[in-house]
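Reader: I should like to request a close look at a single part of this model, with the criteria behind each term stated.

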Amino acid sequence: MTLQAIKYSRGKLEILDQLRLPNQEVYVDIKTPQDAWHAINSMQVRGAPAIAIVAALSIAVRSAQWLHGQGEMIAATARDSAVLINGQLDYLVTSRPTAVNLADAAAKLKAVISAAANKSDADSRAVMAAYLLAAERMLVDDVQDNERIGKHGAAWVLRNTTPNSSNPMVSVMTHCNTGSLATAGYGTALGVIRSLHSSKSLHHVYYTETRPYNQGARLTGYELIHDGLPATLITDSMAAALMRTKGQSENLTAVIVGADRVAANGDTANKIGTYALAILAKHHGLKFLVAAPRTTVDMTTKSGAHIVIEERPEIEVVNLKGPVVRTNVFSREKEIITDSTEEICIAARNTRAWNPAFDVTPAELIDGIITEHGVVEKDDRGVFQWDRVFDVDLLDKAPEVGEPKKLNMLPDGLTPQVPLNDQASITGTASVLGQ
C-alpha cells in the first residue's frame with residue numbers, strides 16, 4: 001500500500017500528523033488557511049514541496065465548498081475573490097519563510113487569479129474555479145516531478161561513481177526527510193534512493209537521525225521500513241566515522257540531500273547539519289548531491305548570504321517528545337505504554353540553546369543539483385549552468401511520466417478562465433480521490 005501523507009478530494013484535505021510519527025498514524029483535517037498555517041508552522045507537515053501543496057490546497061478546500069453551494073458567499077465579485085485569495089496566500093507564506101517553494105507557489109497562484117479576474121466576463125465563481133484547478137494541478141505535477149528527479153539522480157550516481165569490484169551496487173547516505181512525507185509523493189533525495197532500489201542498484205542506505213527534530217529517525221526511517229529498503233540509522237555525529245570505516249566495504253558513493261532553497265550561484269539552504277555532511281563528503285571523496293524541483297531554485301537570491309535562516313524555539317533542542325514505551329532488550333520490540341505524547345528534558349536546567357532550522361552549504365561543495373529536468377553541474381569555472389533547467393522550450397518538451405488520468409471536473413456549466421491541462425497521473429503520497 002502506498003504511503004499517503006496528503007489525502008485530498010475536492011472540498012476535503014487531510015494531512016498525516018508528522019509529529020505523531022513513527023509510533024502513531026493520525027490524520028488531521030485542514031479546513032481553512034488558518035489550519036494550514038498552524039500545521040506548517042508547528043511542523044505537523046514539513047518539507048518544502050509538501051508545505052507549498054498543503055498551503056495551496058487549504059484555500060482550494062474552501063473554494064470548492066463555495067463553488068458547490070456549501071457555506072455563505074465569501075466574495076461577491078471577481079476582484080473581491082482575487083483580493084481575498086491574495087491575502088490568504090500572503091498569510092500562508094509567513095508560516096515558514098525559508099522554504100522558497102511556498103513563496104513560489106503563492107506567486108504562481110496569484111498570477112492565475114489575476115489573469116482570471118481581468119477577463120472581461122469574469123465573476124467570483126470563475127476566479128475561484130481557476131484557483132481550484134491551478135492548486136490541484138500543483139499537487140499532480142509535484143508527484144510527476146519527483147519521479148523524474150529520482151530517475152535523473154539515480155542515473156547520475158551510477159554514471160559518476162566508481163563501482164566496487166566486489167560489490168557493484170552502491171550505498172548512499174541521506175539527511176533529514178525528503179520522501180513521500182516531505183513532498184506530494186515519491187520524494188526528492190529519497191526519490192533518487194527509491195529509483196536506485198527499483199533498478200536493483202542500491203546496496204544500503206544510511207540515514208542520520210537529524211537533530212534536534214529527528215526527522216531522519218522518525219520520518220525517513222518510517223518510510224524506508226514501510227518500503228522495505230535496506231537501511232541503517234546513525235546519529236548525526238557518526239557520519240564521519242561511517243565514511244572512514246565502512247565507506248569502502250559498503251561502497252558508499254554519495255550523500256544525497258534535499259533543499260529548502262537553492263540560490264542562483266548554487267548555495268543551498270537545507271536542514272541544519274547538511275553543511276557538515278558536505279564537508280565530510282568532500283574530505284572522504286564522496287559525491288555530494290542536492291535533489292530538488294526547479295521551484296526550489298531561487299534565481300532572485302544571488303547567494304546563500306541572502307537566504308533568511310529561520311530560528312526555532314530553544315525548547316526543541318533541550319526537550320524531546322514521544323510516547324512512553326517499554327523495550328524488550330532481547331527482541332528489541334517496543335510496546336507503547338500510552339498513546340499520549342510525553343515530553344522530557346535532556347539538558348541541564350536553565351540551559352540556553354541555539355536552534356537554526358537550516359544551514360547553507362556553499363556551491364563549491366556540491367557536485368550536482370538534481371532537478372526534474374536533469375542534473376545541473378558546474379562548468380570549468382565552477383559555476384552552475386542553469387540553462388537546461390530554465391529553458392522554456394526544453395521544459396515544453398519534457399517527457400511525461402506515467403499514464404494520464406483525469407482530474408475532478410468543475411460543477412456543471414462552470415468553465416475556468418485560465419486554460420489548464422486537466423490530464424495528469426496521480427500516484428504516490430498524495431492523491432486526488434473520488435474520481
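Reader: Which residue lies over the face of Tyr 213, and at what distance from the ring centre? Please continue from there to the second largest pocket and to the other ring contacts.

Author: The model is predicted, so local features require pLDDT of at least 70 and side-chain atom pairs pLDDT 80 or more, whereas totals for chains, interfaces and linings use all residues. Residues are numbered from 1 along each chain as its sequence is written, and side-chain values use heavy atoms, without hydrogens or water.

The residue over the face of Tyr 213 is Arg 312, at 5.8 Å from the ring centre. A charge sits over a ring when NZ of Lys or CZ of Arg is within 6 Å of the ring centre and within 35 degrees of the ring normal. Lys 7 provides another such contact: its charged end sits over the ring of Tyr 27, 4.0 Å from the centre.

The second largest pocket encloses about 840 Å³ of space. A pocket here is an open set of points on a 1 Å grid where a 1.4 Å probe fits, with protein on both sides within 12 Å along at least five of seven lines; lining residues have an atom within 4 Å of a point. The volume is the space filled by probe spheres set on the points. There are 28 lining residues, and Asn 214, Arg 218, Leu 320, Lys 321 and Gly 322 are the closest to the centre. At least two lining residues come from each of helix H7 (215-227), helix H10 (315-318), strand S12 (319-322) and strand S15 (342-345). Helices (H or I, at least four residues) and strands (E, at least two) are DSSP runs. S12 gives the most to this lining, with four residues. By class, 13 lining residues are nonpolar, seven polar and eight charged, with Gly counted as polar.

Ring-to-ring contacts complete the account. The structure holds two aromatic pairs, meaning rings of Phe, Tyr or Trp (its six-membered ring) with centres within 6.5 Å; planes under 30 degrees apart count as stacked, over 60 as edge-to-face and the rest as tilted. One of the pairs, Trp 37 with Tyr 91, is stacked, at 5.9 Å centre to centre and 20° between the planes. This pair links distant parts of the chain, with Trp 37 in helix H1 (residues 33-41) and Tyr 91 in helix H3 (residues 78-93), 54 residues apart. Trp 37 is buried, with a relative accessible area of 18%, and Tyr 91 is partly exposed, with 30%; buried means under 20%, exposed over 50% and partly exposed in between, for a 1.4 Å probe and protein chains only.
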